[in-house]
Amino acid sequence: RSVLVILIVAALGLLTRFALKSHSLELVHVVVVNAVAQKAPDDYPRQKVYQAFADCLKQVEEGQNQDQYLQHLQTISHALEKVQYLESKEVDALLEDLLCD
């Protein structure tokens, strides 16, 4: 009976790992987009942030550079951890520097 429980837990662990691995790009993407939108100035158009990232994700999913984009999102995420607010020009620069293609 213990062996059965261990096998079930191991199978669930592998399934969870596979599911998270296959959706890691989307998860990191959502976290970064929300962080940028929250740290942007109040008068900055949020739709511009969401649209730029959505367009970029669409291009990346159609291409072969998903790993590069994921690395870029992680770099952005680490940089955002160090700041509380972004200025408009910083958000504009960040959106212009997205690695989509």
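Trainee: Is the crossing of helix 2 and helix 3 left-handed or right-handed?
Mentor: This is a predicted model, in which local features need pLDDT of at least 70 and side-chain atom pairs pLDDT 80 or more, while totals for chains, interfaces and linings use all residues. Residues are numbered from 1 along each chain as its sequence is written, and side-chain values use heavy atoms, without hydrogens or water. The crossing of helix 2 and helix 3 (helices being DSSP runs of H or I, at least four residues, numbered from the N terminus) is right-handed.

Trainee: At roughly what angle do the axes of helix 2 and helix 3 cross?
Mentor: The axes of helix 2 (residues 24-39) and helix 3 (residues 46-62) come within 9 Å and cross at roughly 160°. Helix 2 is therefore roughly antiparallel (angle over 145 degrees) to helix 3. The crossing angle is roughly 160°.

Trainee: Which residues of helix 4 meet helix 3?
Mentor: Helix 3 and helix 4 pack at about 150°, their axes 9 Å apart, and are therefore roughly antiparallel. This crossing is left-handed. From helix 3, Phe-53, Cys-56, Leu-57, Val-60 and Glu-61 make the contact (heavy atoms within 4.5 Å), meeting in helix 4 Gln-66, Tyr-69 and Leu-73.

Trainee: Against which helices do the buried residues of helix 5 pack?
Mentor: Val-91, Leu-94 and Leu-95 of helix 5 (residues 88-96) are buried (under 20% relative accessible area). These buried residues fall within an arc of 95° seen down the axis, so they line one face of helix 5. On the other side, Lys-89 and Glu-96 are exposed (over 50%). The buried residues of helix 5 pack against helix 2, helix 3 and helix 4.

Definitions and conventions: Axes fitted to C-alpha atoms, helices over the stretch in contact; angles between N-to-C directions. Helix = DSSP H or I, 4+ residues; strand = E, 2+ residues; numbered from the N terminus. Parallel < 35°, antiparallel > 145°, perpendicular 65-115°, else oblique. Left-handed = near helix turned anticlockwise from the far one by under 90°. Buried < 20%, exposed > 50% of the residue type's maximum accessible area, 1.4 Å probe, protein only. Arc of directions from axis to C-beta.
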